[in-house]
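Colleague: Please take a close look at one part of this model, the open sheet, and then say what lies in the nonpolar core.

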Amino acid sequence: MRYFFHGEKSDSFNKELCNPMKRFPVSRKSCISLLFLAGMVPFLIGCGSTTVDSVWPKKEITANGRIDNWEGLINYSLSDQFGLGVANDDKYLYLCAVIEEQKIAMQVLHNGLTAWFETSAARDKLFGIHFPLGNGIPQEFHHRHDAEEDTSGFGEKIEAACQQLEILGPGKNDSLLRNIALCEPYGIQLKFAPTRDEFIYEARIPLFPDSSMIYAINPGKDSLVTLRIEVPAPEVNIANQEGSGEPGSGGGMGGGGMGHQSGMGGMGGGGMGHQGGMGGGGFGGQHQQPIDAKFVIKLAGKPTK
């Protein structure tokens, strides 16, 4: 092969060879589009989240563990572990997770659930709600309640075990333990309750901080809120327990106590972590995976009359 190093012919040849517009004739508009898509690929791959459109409720929702507040608003295709409903008005973000499998509900009760919120307006701050705390649950909770039986006694026991929450942030190691009843002035409502067919996790969280509602999501002028739901896996599988003839025989609160590790990465993935709960007790004899679900919520605007 002959190479040109000097002269007009070689300069012309090199310019022709190295000009992609000459070698592959495309329009300038197409080229810009290709460059934009190429730049977006790493973001799209690293995002790992599902977009959810929030709805504006017809009236303010009270977090009371009743599914009738969410008729027609629960989407069961967003996660394998639960159905999710999202709503908002100009003051609050409302969440409802419907858990149909009791082993997942027991995992939430036993190991705790943390909901992390991230927005562009508060990118350098943490805000999370840890509820239920996962302080261990009475052994009889592991037994499946019959849908035909009255669940009021069962629900009362769960409600008694879910009387506290932990507010996480704004600093990396900041946490505040509060009784649920004392959080009402802050605008925070939480409920975890069984119905005849499923378990309901419901939350009402202030959107914007003010003098009374100091713990809030703070989306700023942005209409996007990143929600991450985390539930640790049971540390000990019931199938590995000696003499475990039925769920719950693993022994409630096993070793270690509750650990708190929090650290939130950016919207592109890096882990937010809050490991709570107790060891001991798998549910149903099968290895259970942790729940780590990420959603980008598009807030609804106020309907025009």
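Modeller: In strand S11, lysine 298 is the bridge partner of aspartate 53. The model is predicted, so local features need pLDDT of at least 70 and side-chain atom pairs pLDDT 80 or more, while totals for chains, interfaces and linings use all residues. Residues are numbered from 1 along each chain as its sequence is written, and side-chain values use heavy atoms, without hydrogens or water.

S1 and S11 (residues 291–298) run parallel and are joined by 4 bridges; strands are DSSP runs of E with at least two residues, helices runs of H or I with at least four, both numbered from the N terminus, and two strands pair if DSSP finds at least two bridges between them. Both belong to an open sheet of 7 strands with mixed pairing, in the order S1-S11-S10-S4-S5-S6-S7. Strands S1 (50–53) and S7 (175–179) each have a single partner strand, so one side of each lacks a neighbour in the sheet.

As for the core, the largest nonpolar one has 46 residues, and Phe117, Ile129 and Phe192 have the most contacts inside it. Such a core is a set of buried Ala, Val, Leu, Ile, Met, Phe, Trp, Tyr and Cys residues joined through side-chain atoms within 4.5 Å; buried means under 20% relative accessible area, exposed over 50%, partly exposed in between, with a 1.4 Å probe and protein chains only. Helix H4 (residues 102–111) gives the largest share of this core, 5 residues. A second, separate core of 10 residues includes Tyr94, Cys96, Val98 and Ile200.
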